[in-house]
Amino acid sequence: MATTTYDSENIFAKILRGEIPCTRVYENDHALAFEDINPQAPTHVLVIPKGAYVSNDDFTARASDAEITGFFRAVGQVARELGLAKPGYRMLANTGQDGGQEVPHFHVHICGGRVLGRMVQPAA
Ligand code: AMP
């Protein structure tokens, strides 16, 4: 059972409604991409679906095929437009509590512009 309790006051919902600003880098019918406000790499962009989905768990359980296709096409397109396809990049989606997800609207991080090192930090 997917986690589907969506908080429509989360910060990405407000960005989608235009209530707070973002630095937009790409948009299609199903996705919006914008710069992360606290970048962890020289390039750090977030891609979010336009629909109200809490997480990857929720999105992949409930979204239509058109939404899923439109969203993941956007992820690839953004990376290409940012010049990251050839040198490479990392895409990740923190999911839920153990995944360290802070904003409860599904998003994929695209990070690149340097060698990114280990995928997961060792436990402290
Ligand atoms: P996560 O921990 O995967 O939920 O990541 C949430 C991300 O959202 C973090 O990398 C934050 O820096 C980013 N973030 C939070 N508020 C904003 C905002 N207003 N504009 C852009 N990025 C944001």
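**Figure 1. Tyrosine Y89 is partly exposed in this predicted model.** Its relative accessible area is 33%. That value lies between 20% and 50%, so Y89 counts as neither buried nor exposed. Y89 sits in strand β4, which spans residues 89–92. Together with F72 and M91, Y89 makes a nonpolar surface patch of about 260 Å².

**Figure 2. Five strands form an open sheet.** The order is β1-β2-β3-β5-β4, and the pairing is antiparallel. Strands β1 (24–27) and β4 stand at the edges. Each has a single partner strand, so one side of each is left without a neighbour in the sheet. On average, neighbouring strands are turned by 20° against each other, direction ignored.

**Figure 3. Strand β4 joins strand β5.** The two strands run antiparallel, and 4 bridges join them. β5 covers residues 108–112. One residue pair to find is M91 and its bridge partner in β5, I110. M91 also belongs to the nonpolar surface patch with F72 and Y89.

**Figure 4. Helix α3 lies across the strands.** The helix spans residues 65–81. It lies across β1, β2 (31–35), β3 (43–49), β4 and β5. Its direction is at about 160° to β3.

**Figure 5. Valine V78 of helix α3 is buried.** Its relative accessible area is 2%. The cut-off for buried is under 20%, so V78 qualifies. V78 touches V25, Y26, A33, V45, V47 and I110, not counting residues up to four places away in sequence. Y6 lies elsewhere: V78 and Y6 are 26 Å apart in space, C-alpha to C-alpha, and 72 residues apart in sequence.

Methods. Residues numbered from 1 in each chain as written. Predicted model: local features only at pLDDT ≥ 70, side-chain atom pairs only at ≥ 80, totals over all residues. Heavy atoms only, no water. Patch = residues over 30% accessible without salt bridge, like charges linked within 9 Å, V, L, I, M, F, W, Y side chains within 5 Å. Areas by Shrake-Rupley, 256 points an atom, 1.4 Å probe, with all protein chains shown as cover. Salt bridge = Lys/Arg side-chain N within 4 Å of Asp/Glu carboxyl O. Buried < 20%, exposed > 50% of the residue type's maximum accessible area, 1.4 Å probe, protein only. Pairing = 2+ DSSP bridges. Axes fitted to C-alpha atoms, helices over the stretch in contact; angles between N-to-C directions. Contact = heavy atoms within 4.5 Å.
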